[in-house]
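Please open the model in your viewer and keep the sequence beside it, since each stop below begins with something to select.

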Amino acid sequence: MAIVTCSNKACTINPLKMSQPIGGAFAFLGLRGAMPLLHGSQGCTSFGLTLLVRHFKEAVPLQTTAMSEVSTVLGGYENVEQAVLNIYKRVKPEIIGISSTGVTETKGDDVEAFIRLIRQNHPHLEKFPLVYVSTPDFKDAFQDGWAKTVARLVEVLVDPLDPAAPRDCSRVNVLPGCHLTPGDLDELRTIFEDFGLRPSILPDISGSLDGHIPDDFTPTTIGGIGVDEIATMGQGVWTIAIGAQMRRAAEAMQAKTGAPFRLFERLCGLVPSDEFVTFLSEISGKPVPAKYRRQRGQLADAMLDAHFHIGGRRLAIGAEPDLLFDISSMLHEMGAEVTAAVTTTASPVLERVKAQEVVIGDLEDLEELAKARDCNLLICHSHGRQAAARLNIPFYRAGFPMFDRLGAAHQMSVSYRGTRELIFDLANLIIADREDNHQPTPATWKINGAGLRAVPPQLN
Amino acid sequence: MTSLSATIQNVFNEPNCAKNANKSEAARKKGCTKQLQPGGAAGGCAFDGAKIALQPFTDVAHLVHGPIACEGNSWDNRGSASSGSDLWRRSFTTDMHEIDVVFGGEKRLYKAIKEIIAKYDPAAIFVYQTCVPAMIGDDINAVCKIASAKFGKSVIPVNSPGFVGSKNLGSKLAGEALLEYVIGTQEPDCTTPYDINLIGEFNLSGELWQIKPLLDEIGIRILSCISGDGKYREIASSHRARAAMMVCSKAMINVASKMRERYGIPFFEGSFYGIQDTSDALRKIARMLIERGAPPQLMERTEAAVAREEAKAWAAIERFKPRFAGKKVLLITGGVKSWSVVAALQEAGLEIVGTSVKKSTSEDKERIQKLVGHDAHMIEDLTPREIYKMLKGAKADIMLSGGKSQFVALKAATPWLDINQERCHAYMGYVGIVKLMEEVDKALYNPIWDQLRRPAPWDEAEINWQAKALAQVDVSAAGGTPTLLGAARAPYAKRTRSRKTVELSIIEECIPTHGSTTVGAMPQDTHASVPAQPMSALQAAE
């Protein structure tokens, strides 16, 4: 059981955290024909846009209400109205998702009221899907913005269902956390389909940010779940939420449609994957397909091969709570020691991280802890690169953003197959590091004051 | 001390800006920031601009006072290079929380400054104001003043919150902060008649180092570069330079023009992109220095270096001519670059089908006209959709632009090259332009393009099948009405493409659709090409 502490510095140095509205906009990007809109000054959007573009290496639709100093003080109704009208006219989206930012929250713009007024003044927008989520920059983090937005999407867009009406037995709702990649979602979809289940994934970034090439140019998202499909999610028999952050959305779904939900806090690792396929087998009434029996064997073998290298590693990890919990637990189960753990925001899973303590802090904290505790494996998003270079330890990039390597969208961590790949990647990184930096020399076991150095450095 | 709005007014009243000089008095007062359009804007904010302008200073701590968005979403994202300290790459922010918004963030800011000095002891601290603390009235000027006095360290407020305007305005406001708090506060160890300032050069991908060896050889010293690979002490003593060059950008024109006003440092606007421009710029620097008292031999050395490097560069570009013959370029960039690389591209045999002039002045436009001929090549503003159409229609073989429009080109399977700030190659000076040609060549002749433009195998098969099927429909239409139309045909197309016969499933589907009950009706309903095959399939099923 880990003790969760808060860094008490006035100055955040090398932030791990990104802001809430970007997480919110990210969730909207998993909808088809969507245009996320940040209610704030145009920098709020342009920074977020650059971040998303550099991560996915894709064109990303994201707009701004372009608040000026004056409009911020006087209130942003006109800006929101104009932005919605402009976007509606120019790019013909299927949905506009609005996230607030620090500056408009400081003023206290009542955007829900703005939306009602816009619908009143422009009758052609009366039924048009406009979803607003309050996501001030000065509270919470990226992951919270995603979680709040998905919960709000469920509340606004899912049609309520008569509990007595028959449900579609093959249909399930999937609510993935923001720590899953498009590659993860693709894998999950395949698994569901192999059990004869039809998943509705909300939000589905695998349709929109997986890097496929569309036939024509579209200014909105080029895939993802449609508003029409979200509306009918009530027909699903089960809701499957992935990551503790999705509890709120899953509860909203249950309240709205009466469908029970099952929350999987982790999908990385042998035991979590076992639980997952067992559950799918139960709800589908189908035996686990041979394919997954074979994949389980492959994962077991990968664990055997890799435990020599991963076992005993002192891990320093900086990630948002759900990703941190998922990956660090898997590595703990592989024999690694979670020596330094830093995260961005509060979460119920943190105290169950297999570490002495989890710090809500920044990358300076992580770097100092890693140095003090002699860590020899670093897992973090790309901003960890400076720390990794100074610490000179193997560095695995995980999470968002990953802007200095390619293929972020397809890096996997879920299920037997994703876990297997992750384990191989990590083990190879460690092997390469040993070859490059820790080859034995005649001086490795030299005699010092107390005789032969009893414990050679870098055992693993 | 002037208020922020007064500073902004002051910045807009820039007599040395060509665009500004052409405006009426009233228009000038209104300033040059366009009213941003909600739902249609794409650029960065004033804070972004200020950060871009100052971030390349390497030995100072850049502290952003605001909630996590401003710094957490944007740090370590530009490719400036440093020859010394890496402090500038670290990120410092007050990460304001709700409680700071309620009670004010000044104390937190002060503590943050204290922590940074204790831990990193930087040459100076730049404190950037952002929207939220500006809204709630945090007085960063006062905090910086107190902290400077208390800690004996330069703590400089950069008052450029995002919502006051565009990126360009932010760069100018950053310049104002330099003018007010930094420039002229220290003296250089020594001065020479060969000292220059480079203003608005950010050393992206280390491109400054493509020019510096030449200046070194000619005997010209860069006293300070604002702000590429900049050091605090250099800029603080930059007022002793003999001449200045404003590199490729009007973003910091206020710094150049006020340094001329205050310290009598003459400046010119030039560019190191392209062979001719590089030579012109070097000559101009030499001439200015000579006018201000440097020995005239400087020009001889300059001419010798220019002649040697030009000859080498042209010879290198010559190699590309046969490979570039008939290739068309679309250039989407801003301001000076819209013409400064054009000459080099043309010299290498490329044809310019268009260059954007959105951010160009009338002077820029004149130069483009001289280079490419008529107006049709000048593009005021191109939407992504239009660019896509242009590229898909093969109106251009390669696009050169900034990172934001790259996916438009790549998704149209058209070669693309980054010539803006996120690029990973340096394109300055004589070596840079040759490198640019090399990159254009690599992009144009990469074998992936032919592969990517090939249709997928199933697409091809489908087209063939459809063509065949349509031909059959035409034939049967002569005898009677075809029963399978439009949409209904598509799924069958997929299923029958691999086998030339009609599959059982199609036949089964036909039974409820057409009410076919006899074997004889089947071939007609399924439009099977060979009547014998479906019949046998059906019989086999029975």
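Select T12(A) and then T93(B), which is the bridge partner of T12(A) in β2(B). Widening the selection to the two strands shows β2(A) and β2(B), residues 92-93 of chain B, paired in the antiparallel sense over two bridges; strands count as paired if DSSP finds at least two bridges between them, and the elements themselves are DSSP runs numbered from the N terminus, helices being H or I over at least four residues and strands E over at least two.

This is a predicted model, in which local features need pLDDT of at least 70 and side-chain atom pairs count only at pLDDT 80 or more, while totals for chains, interfaces and linings use all residues. Residues are numbered from 1 along each chain as its sequence is written, and chains are lettered from A and ligands numbered from 1 in the order in which they are written.

Next, colour both chains: 53 residues of chain A are in contact with 50 residues of chain B, contact meaning that C-beta atoms, placed from the backbone, lie within 7 Å. Among the elements of chain A that give two or more residues to this side are β2 (12-13), α1 (20-28) and α2 (42-56), and α2(A) supplies the largest share, eight residues.

Finally, select domain 1 (20-140) and domain 2 (168-206 + 220-289) of chain A, with bounds from an automatic or database domain assignment. Their centres, taken over C-alpha atoms, are separated by 27 Å, and 16 residues of domain 1 of chain A are in contact with eleven residues of domain 2 of chain A. On the domain 1 side, α1(A) gives the most, with three residues.

Definitions and conventions. Two residues are in contact if their C-beta atoms, placed from the backbone, lie within 7 Å.
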